[in-house]
Amino acid sequence: MDFSLTDEQIAFRRSVFDWAAATVAPGASDRDKDGRWDHEVWKSFGAQGLAGLPIAEEYGGAGGSIMDCVVANEAIAEGGHDGGFNLSLGAHWVIGSVPIWLHGTEEQKRRWLPGLTDGSMVGAWASTEPEAGSDAAGLLTTAVRDGDDWVLNGTKIFITNGPIADVCTVLAKTGEKAATAFIVDTTNPGFQVGRELDKMGCRSSPTAEIALVDCRVPADCVLGDEGAALWQVAFECFDWERTVMIASGVGGMQATLNSCIAYAKERKQFGKPIAQFQAVAHKLAEMKVKLETCRTAVYRAAYLKQTNAEHQMEASIAKYLVGELAVQNALDAIQIHGGYGYLRDFNVERALRDAKLGSIGGGTSEIQKLIISRLLLGDS
Ligand SMILES: Cc1cc2nc3c(=O)[nH]c(=O)nc-3n(C[C@H](O)[C@H](O)[C@H](O)COP(=O)(O)OP(=O)(O)OC[C@H]3O[C@@H](n4cnc5c(N)ncnc54)[C@H](O)[C@@H]3O)c2cc1C
């Protein structure tokens, strides 16, 4: 299995990293403190031609491969030091735009994709509910057919980009065991953005509750097959989250390690740089081992996805590893920085708070172990 990057991908990675370092990183600390989304950074992201990276060129996208998306996501996280920006872009790409591209009718694609791919629109996805998190099938939101329309009622929670999205794919129950995906224009009066959630990390990405109050949408808003949202559209979203979106965790780990190497060489105690103490040097080595373990797992899962090979096990392994090891690396980074690592002035403190989401969003670590064990036991 050869998933080494091509020369073109290496050059692309470098240019995306440079853009993120120049545009995303400078205000990252302030945006984190204020819990503030910056639309100017998003506009710049769109101007770089990155907002539609995964989407086919005929719909305005850049037609990037799965590995291109992984490399870009990783480079933005490494250069930008802003888990929130990566969360918002991941939600926009992977669960906001890709489902419309893969399952939309020609009319739906022509309506939504040009705006999503040039960055003038922001995408979102709403499946999670107060009573339906890991148990995605436990939806209580309903969609009832009324003439040529559907009427949606219910509450969604943890919706990334909820307050800024122009379009949101909403999952609702349309039968005892059936859920349907609906593309909802967020200017619809029945799509009501509720409380913005005050998060521990990824704070520059807005997350909200959404109330669907007699939200009337025309029948041509159904995305994919009626009643097939869970196994068709949502299943694919989880797959993209576990192969492409999770790459931001790898970039975050690299950024954290880079900060630690620089700090350990510079900080002196007992008359020499702390990097010369074996305890510190070994911590750096352990961080590198964990980083490369995660990177290899993510690239392997992404490569298999790109080549249309079976990869459910590999995707869950990658998601689980990044979710757990990124937190361990961030904790080690704080230890290497001593008291300064405990301060908000240094990126490593934010890195820990941002990294923790990796073990929760897009399927928790426990759910990944459930999937892996079911596949092992032939019980999937
Ligand atoms: C910042 C953020 C952004 C998000 N963005 C979005 C978004 O854009 N759109 C969206 O739809 N959702 C989004 N989510 C929701 C996210 O996918 C859910 O939080 C996640 O799936 C877990 O659901 P839950 O929070 O309800 O936890 P629960 O499912 O209640 O889990 C609680 C605990 O129980 C464990 N558990 C649950 N079931 C099992 C089981 N069968 N076996 C073992 N352990 C189990 C879990 O692992 C966890 O430790 C986001 C969440 C966050 C925090």
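Here are three short exercises on this structure, each with a worked solution.

This is a predicted model, in which local features need pLDDT of at least 70 and side-chain atom pairs count only at pLDDT 80 or more, while totals for chains, interfaces and linings use all residues. Residues are numbered from 1 along each chain as its sequence is written, and side-chain values use heavy atoms, with hydrogens and water left out.

**Exercise 1: the ligand shell**

Work out which residues and elements surround the ligand, and where the ligand lies relative to domains 2 and 3.

Step 1. Start with the shell, where a residue counts if one of its heavy atoms lies within 4 Å of the ligand. There are 17 such residues, and the closest are Thr128, Ser134, Phe158, Thr364 and Glu366.

Step 2. Now look at the N and O atoms (a polar contact is a pair of them within 3.5 Å; within protein, one must be able to donate a hydrogen and the other to accept it, and residues adjacent in sequence count only if both atoms are side-chain atoms). The side chain of Thr128 places an N or O atom 2.7 Å from a nitrogen atom of the ligand. Trp125 has a backbone N or O atom 2.9 Å from a ligand nitrogen, and Ser127 has one 2.9 Å from a ligand oxygen.

Step 3. Taken alone, the ligand exposes 970 Å², of which the protein buries 65% (areas by the Shrake-Rupley method with a 1.4 Å probe).

Step 4. Strand E1 (123-126), strand E3 (149-160) and helix H13 (365-377) each give two or more residues to the shell; E3 gives the most, with 3. Helices (H or I, at least four residues) and strands (E, at least two) are DSSP runs, numbered from the N terminus.

Step 5. Because domain 2 (124-226) and domain 3 (246-377) both contribute to the shell, the ligand lies between them.

**Exercise 2: the largest cavity**

Find the residues that line the largest cavity.

Step 1. Use a 1 Å grid over the protein atoms alone: a cavity is a set of points where a 1.4 Å probe fits but cannot get out, and lining residues have an atom within 4 Å of a point.

Step 2. The search of the whole structure finds 1 cavity of 30 Å³ or more, and the largest cavity holds about 30 Å³.

Step 3. Its lining is made of Arg31, Trp37, Asp38, Val41, Asp82, Phe85 and Ser204, which by class gives 3 nonpolar, 1 polar and 3 charged residues.

**Exercise 3: around Asp34**

Locate Asp34 and find how far it is from Arg203 in sequence and in space.

Step 1. Asp34 sits in helix H2 (residues 28-34).

Step 2. Asp34 and Arg203 are 169 residues apart in sequence, yet 7.9 Å apart in space, C-alpha to C-alpha.

Step 3. The side chains of Asp34 and Arg36 are joined by a polar contact of 3.4 Å.

How values were computed:
Domain bounds come from an automatic or database domain assignment. On a 1 Å grid over the protein atoms alone, a cavity is a set of points where a 1.4 Å probe fits but cannot get out, and a pocket is an open set with protein on both sides within 12 Å along at least five of seven lines; lining residues have an atom within 4 Å of a point. Grid points are joined across faces, edges and corners, and a volume is the space filled by probe spheres set on the points. Ala, Val, Leu, Ile, Met, Phe, Trp, Tyr, Cys and Pro count as nonpolar, Asp, Glu, Lys and Arg as charged, and the others, Gly among them, as polar.
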